[in-house]
Amino acid sequence: MAGQMIGPFPLEVFYLILLLGFVSLVFLVFKRPIYEAMFLAFCFSIVMIGKYELFMKLLLYPATQSSLFYIIVAFLALAYILGKTRAVDKLINIILAIFGGLPGGAGYVALFGSAGLAMMTGTGPGNVAATGVFTIPTMIKSGFSRELAATTEMSASMLGNQMGPGLNLVGFAILCGLFPEKNYNLGTFWLALWIVGGWLTVQRLITLIILCKKEGVRPVPKEERPKFGEALRQGWDSLLLPFFILFPIILSSRFQPLLESRYGIDGAKAFSGTVLLFAVGVCVIYALVTGRKVIERETGEFSLRVVFNMFKDSLRSVVPVGATIYFAYAISLVFKEVAMAEAIESWVLGFGLSKLGWSVLIVVFTAFLGMFMPGSSQVALLGSAIITTGAAVGIDPFLVAAVMPALTGVMEGMTPPMALALYTAMGIAKSEFWPSVKYAYIWVAGHAIISILLLMGLAPIFVTG
């Protein structure tokens, strides 16, 4: 198939265009859930390349040959448990006690609270729903316009798609498939995701300071701010949750040579995945134990039956997201079979782009796609092409993969008309559409600039694959 042309496009690129059109048709025209669209897109991709014998092999691969899917599902379940045990509320109270007295303090609570939750949940609209019901009314009371309150929470919450488990780990799987000889470490990659998220947090902080000054936002009223000592006494246990997740990731990343010398390369890889699953289990048990009083207050008892029902109820939120990610992973495997990445790399190199030219092009292109296409579709359809073309112009593929969630999943929730996180926040804030959109594009512009700086290496991530 390699070398065939359909008009100005290589055959593989034509496949991609067809699949983009198919997903858009199913999702936007027929308005089917995105997980259905991704499954149908997987089936369509198999029919398109005519390799029907690969259907079951590639469909089962994410569940049988990789631990990444199970890590993602485990973190999604953890996010649900954290919401039920009010661990996030405790964390927000501590942040409110620290920053609430500053002009625009409620915005800092939204930013840092949502960023903290993002490290554990991996969802943007979910973060808005979990924290926005508290932070958005508080911001409005302290002088934020409804539009600024909504978009502040939106931009902070979308960090979940960068720092939490989800499509970013599918990006890691694509990276490892493209460069198996590199022996990339999952723990190191996750640290890189968080560092990129840290730069995005700085960008949002600077934007927030400027906008708060422009609007003359006040501090949170004193009577609505908890005292720091009281907030810390009630919520200190919530501060340990990020540590329980961060520690095994650092252990897997920084001690990789020791692990490889002790267990071999394959053993170190297995350790990287299993230690994260173990960490999630520890966090779930810790959240249940420390939140048992909340559970008792809401259900009347703390028992195995109650815990079982909590996990059963979590399926409503875990399964749709998990299925979307699963089928996105499977689609990326189909593209690997037809050497999609290599074809697109050769095609793009013909344009003679520099690092800067490629960075600007890919940021603008994914921002445009985010207006009507979910980040999951972008990663599944374009993940390999983004990584390989970035590498072809001289950018470290590890860096490209680490920044890719910022270009796809994060941008998708902020760019109308898609912008699920924006609409969720607008619903809570009761803000007007067009004024909210104007503010949204201020946040998008800053996000795009820092993304380009990251791809160019001007905002360093300090770790390499």
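Two residues are said to be in contact here when heavy atoms of theirs lie within 4.5 Å of each other. With that meaning fixed, the predicted model can be approached through one residue, tryptophan 190. Apart from neighbours within four places in sequence, tryptophan 190 is in contact with Ile71, Phe75, Met163, Gly164, Pro165, Leu169, Ile249 and Leu276.

Tryptophan 190 also has a place in a wider grouping. The largest nonpolar core of the protein holds 156 residues, and Trp190, Ile331 and Leu381 are those that touch the most other members. Helix H16, covering residues 304–337, gives this core its largest share, 15 residues.

The overall form of the protein may be considered next. Its secondary structure amounts to 22 helices and 2 strands. The C-alpha trace extends over about 70 × 50 × 45 Å along the principal axes. For 465 residues, a compact globule would be expected to have a radius of gyration near 23 Å; the value for the protein is 22 Å, and the two therefore agree. Contacts across the sequence can be described as well: where the partners are at least 6 residues apart, 81% of the contacts join residues at least 24 apart.

The division between interior and surface follows. Of the 465 residues, 55% count as buried. The protein exposes about 19,100 Å², and 69% of this area is supplied by carbon and sulfur atoms. As for charge, there are 31 positive and 24 negative side chains, and the centres of these two sets are 7 Å apart.

Two individual residues illustrate these features in detail. Valine 307 belongs to helix H16. Its relative accessible area is 13%, and because buried means under 20%, valine 307 is classed as buried. Beyond the residues up to four places away in sequence, valine 307 touches Leu288 and Phe302. Methionine 38 stands 269 residues from valine 307 along the chain, and their C-alpha atoms are separated by 32 Å.

Glycine 375 is located in helix H19, which comprises residues 375–392. Is this glycine 375 buried or exposed? Its relative accessibility is 0%, so glycine 375 counts as buried. When neighbours within four places in sequence are set aside, glycine 375 is in contact with Leu167, Thr408, Gly409 and Glu412. Alanine 406 is 31 residues away from glycine 375 in sequence, and the distance between their C-alpha atoms is 9.5 Å.

Notes: Residues numbered from 1 in each chain as written. Predicted model: local features only at pLDDT ≥ 70, side-chain atom pairs only at ≥ 80, totals over all residues. Heavy atoms only, no water. Helix = DSSP H or I, 4+ residues; strand = E, 2+ residues; numbered from the N terminus. Rg over C-alpha atoms; globule rule 2.2 N^0.38 Å. Buried < 20%, exposed > 50% of the residue type's maximum accessible area, 1.4 Å probe, protein only. Areas by Shrake-Rupley, 256 points an atom, 1.4 Å probe, with all protein chains shown as cover. Lys, Arg positive; Asp, Glu negative; His and termini not counted. Charge placed at Lys NZ, Arg CZ, Asp CG, Glu CD. Core = buried A, V, L, I, M, F, W, Y, C linked by side-chain atoms within 4.5 Å.
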